[in-house]
Amino acid sequence: MAGPVRPIFPFTALVGQERMKLGLLLNAVNPKIGGVLVRGEKGTAKSTAARALAALLPEEATVLNCRFGCDPNRQSSWCDECYARSSSGRMQTYTRHVPLVELPVSATEDRVVGTLDIEHAVKQGERRFEPGVLASANRGILYVDEVNLLSDHLVDVLLDAAAMGVNYVEREGISFSHPAEFILIGTMNPEEGELRPQLLDRFALTVEVEGIPEPRLRAEVVRRRAAFELDPTQFNVLWGETEEEERARLVKARELLPDVTMPEVMLDLITRICSDLEVDGLRADIVMYKTAMTHAAYRGRVTVTPEDIRVAAMLALPHRRRRQPFDDASGDPGELERRIQAQVSRSEAEAAEGEATPTPEPSSMADEDKAGQGDAPRVDQPGATFSR
Ligand SMILES: [Zn+2]
């Protein structure tokens, strides 16, 4: 149950696909960004990347025998059963690999959210809950291949849980809830049908998986793939240090995130870009805010810079631009990039002019928490492997 049973291709050995890797890593630093939709043809490295990300993430301390894999160090996120365990002094912990749960396209709603035994509740007066996919995905990665082929209703349920970090089930007046904080990775092949714009908008980030045109890079893909297939264990040993460095960087970014601040001019830049590109609603602005903060932390900084905003815009906006009736559905990424860059340059020019103007108090992740966005993720140091 705990961890990879077969050798996984190392994340840091993936060639190219920089934007996809960055989108995944930022969600790993801060799952509250709200997931990433990976678009691309079949047979691209989408599922390899999701598996590789799970293996890259640091192991996590977990309550032993908890059906929801609660975090022993974060009492506020416990399930009812863990509260009972703790108060009776029976809580034991262990360290596990971050779970990767794949959702089959054929999954029913019951399979996803779990089931409440109504008969048992009525006869025995106690709630009996059979956990579903969302329970297994808590504190892990939920991978949904071909998310565009799921029913709209199910996608809605997934996105709701991802946004709230809680799975709430109600049947005939009886309810049950449990923690369901997960990194949502959806993939889709646009040739097989688009997601409805309303659902598209609720995926925080989108990345396009591109082909690798450069012969030199293609050769590198082939070389690494062949070496991995020849001796996966040895390949993982070779890449062990690089993986460890990236893991340490993630851990540091999680620690840094609560200290990151967003200068007022940078928030200005976000809203200007969103307004210039005529995105509907405010979700894009909010996602860009969180993504820029997280990118700053990932780069080891505590202040958001125009570069963080530019990266956040390229991840958060491609799927949110208002479409004209006869627009090419894919849009022109080059044009998007140019318009974002134009706003960034303008903001930098203004900053250079107005050096003498006093800057107002920066807002921070802490302020965001007070506004009810929930706590920023912290690294929970796993203790000994078994604490019994
Ligand atoms: Zn629990």
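User: What share of the 388 residues in the protein chain is buried?

Analyst: In this predicted model, buried residues make up 37% of the 388 residues in the protein chain. The chain has 16 helices and 13 strands, and of its contacts with a separation of 6 or more, 77% are accounted for by residues 24 or more positions apart.

User: How should I read the pairing of strands, and in what order do the strands of the open sheet stand?

Analyst: As a general idea, strands of a sheet pair through backbone hydrogen bonds, either parallel or antiparallel. Here 5 strands form an open sheet in the order 4-7-10-1-11, with parallel pairing. At its edges are strand 4 (100-103) and strand 11 (205-208), each of which pairs on one side only. On average, and ignoring direction, neighbouring strands of this sheet are turned by 20° against each other.

User: How many bridges join strand 1 to strand 10?

Analyst: Strand 1 (residues 36-39) and strand 10 (residues 182-188) run parallel and are joined by 4 bridges; within this pairing, L37 stands opposite G186 in strand 10.

User: Which residues of helix 2 are buried, and what covers them?

Analyst: A useful general idea is that an α-helix has 3.6 residues a turn, so residues three or four places apart point the same way. In helix 2 (residues 46-56), the buried residues are K46, A49, A50, A52, L53, A54 and L56. What covers the buried residues of helix 2 includes strands 1, 4 and 10, together with strand 7 (140-144), helix 1 (18-29) and helix 11 (240-256).

User: Which residues touch the most other members of the largest nonpolar core?

Analyst: In soluble globular proteins, nonpolar side chains tend to be buried together. The largest nonpolar core in this model has 91 residues, and L53, I141, M288 and A316 touch the most other members. Helix 13 (residues 283-298) gives the most to this core, with 9 residues. Because domain 1 (11-59 + 97-208) and domain 2 (260-373) both give residues to the core, it lies between them.

User: What does I141 touch beyond four places in sequence?

Analyst: Leaving out residues up to four places away in sequence, I141 touches A50, L53, A54, V98, L100, F182, I183 and I185. Of these contacts, A50, L53 and A54 are among the buried residues of helix 2.

User: Why is helix 14 described as largely enclosed?

Analyst: Helix 14 (residues 306-316) is largely enclosed by the rest of the structure because 8 of its 11 residues are buried. These are D308, I309, V311, A312, A313, M314, L315 and A316.

User: Is F228 buried or exposed, and where is its place?

Analyst: F228 has its place in helix 9 (residues 215-230), and it counts as buried because it has 20 C-beta neighbours inside 10 Å. Not counting residues up to four places away in sequence, F228 touches F9 and F235. F228 and P10 are 218 residues apart in sequence, while their C-alpha atoms are 9.4 Å apart in space.

User: How should I read a positive phi, and where is E172 found?

Analyst: Most residues other than glycine have a negative phi, and most peptide bonds are trans. E172 is not a glycine, yet it has a positive phi of about 45°; its place is in the loop between strand 8 (166-171) and strand 9 (174-179). These two strands run antiparallel and are joined by 6 bridges, with V169 standing opposite F176 in strand 9. The hairpin they form has 2 residues between the strands. E172 is exposed, with 9 other C-beta atoms within 10 Å.

User: What is the phi of E278, and where is this residue found?

Analyst: E278, also a residue other than glycine, has a positive phi near 50°. E278 is found in the loop between helix 12 (264-276) and helix 13, and counts as exposed because it has 9 C-beta neighbours inside 10 Å.

User: Where does pLDDT stay under 50?

Analyst: Where pLDDT is low, the predicted coordinates should not be read in detail. The protein chain averages a pLDDT of 85, and 86% of the residues score at least 70. However, pLDDT stays under 50 over residues 324-330, for which the model has 1 contact beyond four places in sequence. It also stays under 50 over residues 367-388, for which the model has 33 such contacts.

How values were computed:
Residues numbered from 1 in each chain as written. Predicted model: local features only at pLDDT ≥ 70, side-chain atom pairs only at ≥ 80, totals over all residues. Pairing = 2+ DSSP bridges. Axes fitted to C-alpha atoms, helices over the stretch in contact; angles between N-to-C directions. Buried ≥ 20, exposed ≤ 12 C-beta atoms within 10 Å, placed from the backbone. Contact = placed C-beta atoms within 7 Å. Core = buried A, V, L, I, M, F, W, Y, C linked by C-beta atoms within 7 Å. Domains from an automatic or database assignment. pLDDT = per-residue confidence, 0-100.
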